[in-house]
Amino acid sequence: MSAVPAAARRTRPPLIRTEGLTKVYHPGSEAEVVALDRCDLTIEHGEFVSIMGASGSGKSTLMNILGCLDRPSGGRCEIDGVDVATLDAEETARLRLEKIGFVFQGFNLLSRMDALHNVMMPLAYANAPLAERADRARAALEAVGLGGRTQHKPGEMSGGQQQRVSIARALINNPPLLLADEPTGALDSKTGAEVLALFDDLRSKGHTIVLITHDPEIARHAGRICVMKDGVLHEGEHHLDAHAAPHGLDPHAPPGAGP
Amino acid sequence: MTPSDILRTSVFALRGNWMRSTLTSLGVIIGIAAVIVMVSVGQGTQAEIDKMVSGLGSNRLDISGGAPNQGGVRGAGGSNATLTDADAKAIREQVPEVQYVAAGNRGNAQLVYAENNWSTSWQGVQPDFFDINGWKLASGDGLVPGDYSSAAKSVVIGETVRRELFADEDALGQSVRIGKVPFKVVGVLAEKGQGGFGQDQDDVVMVPLETARRRLSGANGAPPGSVRQIAVGVTRAEDLPVAQEEIEALLRERHRIQPGGEDDFSVRNISEIVATRTATTRIMSLLLGAVAGISLIVGGIGIMNIMLVSVTERIREIGLRMAVGAGPRDIQRQFLTEAMLISFGGGVIGSLIGIAGAFAVAKFGSLPVALDWHVVALAAGCSVATGLFFGFYPAHKASQLDPIEALRHQG
């Protein structure tokens, strides 16, 4: 299901398209790990997709490659029609700047800067005009309900507020894709629900969201659920049950830990 | 990222750690301050030598009796009275490059005026003497042609002698005794101050050469018409070597010295002495510069060290910046700018301290100081170059970090 009209879909390439995407760590050695095994995934503009999986299932690896932070060992990955394998480090950075907003489990705010400057930070790399940066950041903070907290430093805000600052930062350059890796992992269930409500809101405004989580309840917020299992991507909610092995739903499992 | 963005980000990062930034720049501060003080002292010494050269006259030759390299018992050059008035006259007439020639004698005597007395050396001079040595009269007419031809008992005294004998009194027209002979003071020389070798140039007394011979030399057994030295002024400094050769040839001929025979006179070229001193000063300057350069390198290593620590400490920040769209070039420029700001800041502070230090040395030390603004600009430039050179590796390292590794970094 997608909100993008059929006509638009025809003229516009999918926002994410992977074919046979594979990632192998330490290839050829005894420690060889196949973190991603020939994943095919297509996400259209405007979709809200959650990728679920237990720790070690390869979901973080998939997110890193979709976010152009990591390079695949094999296969093809296109972001908005651009094959990322053809880009050098500078061009990849440019792609992240223009197309992708990240929301991390640990917020990753700079503790010495107040909320406004944290949100403004990506604008410098986008060479936005100096005069409008503060206004844009203020507007972004207002959009996530933090209009009155612009002068607060991360240490002076709750976890939910910090995560909303980081969402405002992710959206400041107006990227088509929002990649959220366990965005509620460090939050209690109430503030987690607030952040998810914010995602629903962004989704209704046309943002494409890819949400990565180990929690089926959170995954169900999305219109479409993919399940990662041992590096293989399965489409559809029915895989949730198959996935519901004891440790897969263990709420104490370290969320988002790497492969 | 625009340059102003990079600058703003770097200043923000440095301010967050201002204590560390200041301490890191200390190496550069000391290095730059050392460069400026040391080079200023070196150049001041050089300038002093240059002044001395012009004071002595760089286009003069001094001829004295006796061989230049006689060892042992024959004594210092000039003690053998082998030169004569006629030699001086021949040089004037036969060496075209020569502008001034003055033969002279010298000796020691006690001067007495009223209750005051003063021991000094007198010089018997010819008219050109004053021009060769750049003497000017502060008061009086000085020695006039008549004084020379009539061997008048007239004397010109230096400022030190005037002060010692006359204090506040007017010296002109007064009578002083040199030894036992009364002389009339006809001129007081303008003050020259301390010479390049530290001697008091104003402690002098000049009388006509002929007067000196008759009244002051006494019966020292010297042949009539002999002089101890001849000073020669050459019209153009670049003719000095030519004039020297011609004078040497002329005197060998006049003194009938066979080819291969030893000269009974020596010609000294002031610029040779000066050249030796200049070379010494240059070596000193090089050594000082080397010390300063080493301290800059040490300061640069300090910067590199701290920048490496800073990169490691801020590895998550680097990862985050990369995730939101910073390219390797942005990261490299930011850290390079931080390193350059530390070193340039150190350069500016070091320059101020160096300038203050140079003035302090000039005021309280006995060393001559010449502050050259080119050196200050060069030192500031060196500090930036130091930051650039030693900041490059840490900045490059930061730019090559793997974003995922950086984001996952604990600590």
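**Figure 1. The outward face of helix α7 of chain A in the predicted model.** Let's begin on the side of α7(A) that is turned away from its buried residues: here you will find the exposed residues K190(A), A197(A) and S204(A). The helix runs over residues 189–204, 16 residues in total. From first C-alpha to last, α7(A) reaches 22 Å, close to the 22 Å expected at 1.5 Å a residue. Follow the chain just past the end of α7(A) and you meet G206(A), which takes a positive phi of about 100°.

**Figure 2. The buried side of helix α7 of chain A.** Which residues of α7(A) are buried? They are G192(A), V195(A), L196(A), L198(A), F199(A), L202(A) and R203(A). These residues lie on the same side of α7(A) because they cover an arc of only 150° around the axis. As a reminder when reading such a list, an α-helix has 3.6 residues a turn, so residues three or four places apart point the same way. And what covers the buried residues of α7(A)? The cover includes three strands of chain A, β3 (48–52), β7 (177–181) and β8 (208–213), together with the helices α6 (159–171) and α8 (216–219).

**Figure 3. Chain A as the setting for α7.** Stepping back for a moment, chain A contains nine helices and ten strands. Of its 259 residues, 46% are buried. Take the contacts in chain A between residues at least 6 apart in sequence: 73% of them join residues at least 24 apart.

**Figure 4. Where chain A meets chain B.** In this view, 21 residues of chain A are in contact with 20 residues of chain B. Helices α3 (89–99) and α4 (115–125) of chain A each supply at least two residues of the side that touches chain B. The largest share of that side, six residues, comes from α3(A). Sorted by class, the side of chain A that touches chain B has eleven nonpolar, six charged and four polar residues. For the complex, the predictor gives an ipTM of 0.86 and a pTM of 0.69.

**Figure 5. Strand β11 of chain B and its neighbours β1 and β3.** Is β11(B) enclosed or open? Six of the six residues of β11(B) are buried, so this strand is largely enclosed by the rest of the structure. In a regular strand the side chains alternate between the two faces of the sheet. In β11(B), Q229(B), A231(B) and G233(B) point one way, while I230(B), V232(B) and V234(B) point the other way, and all are buried. Strand β1 (residues 60–65) of chain B runs antiparallel to β11(B), and five bridges join the two. Strand β3 (residues 98–113) of chain B also pairs with β11 (residues 229–234) in the antiparallel sense, over six bridges. To find your place, look for Q229(B): S64(B) stands opposite this residue, and so does G104(B). A little further along, A102(B) has A231(B) as its bridge partner in β11(B).

**Figure 6. The other partners of strand β3 of chain B.** Strand β4 (residues 116–125) of chain B pairs with β3(B) in the antiparallel sense over nine bridges. R106(B) has Q123(B) as its bridge partner in β4(B). The hairpin of β3(B) and β4(B) has two residues between the strands, and there A114(B) takes a positive phi near 50°. Strand β7 (residues 175–178) of chain B runs antiparallel to β3(B) and is joined to it by two bridges. One place to look is V112(B), whose bridge partner in β7(B) is R177(B).

**Figure 7. Around Q43 of chain B.** Q43(B) lies in helix α2 (residues 18–56) of chain B. Is Q43(B) buried or partly exposed? Q43(B) is partly exposed because it has 19 other C-beta atoms within 10 Å, whereas a buried residue needs 20 or more. Leaving aside residues up to four places away in sequence, Q43(B) touches A370(B) and D372(B). The C-alpha atom of R282(B) is 9.2 Å from that of Q43(B), although the two residues are 239 residues apart along the chain.

**Figure 8. Model confidence in chain B.** Chain B averages a pLDDT of 85, and 91% of the residues score at least 70. Where in chain B does pLDDT stay under 50? Residues 70–79 make up such a stretch, and for them the model has twelve contacts beyond four places in sequence.

Terms used:
Residues numbered from 1 in each chain as written. Chains lettered and ligands numbered in written order. Predicted model: local features only at pLDDT ≥ 70, side-chain atom pairs only at ≥ 80, totals over all residues. Contact = placed C-beta atoms within 7 Å. Helix = DSSP H or I, 4+ residues; strand = E, 2+ residues; numbered from the N terminus. Nonpolar A, V, L, I, M, F, W, Y, C, P; charged D, E, K, R; others polar. Buried ≥ 20, exposed ≤ 12 C-beta atoms within 10 Å, placed from the backbone. Expected span 1.5 Å × (residues − 1). Arc of directions from axis to C-beta. pLDDT = per-residue confidence, 0-100. Pairing = 2+ DSSP bridges.
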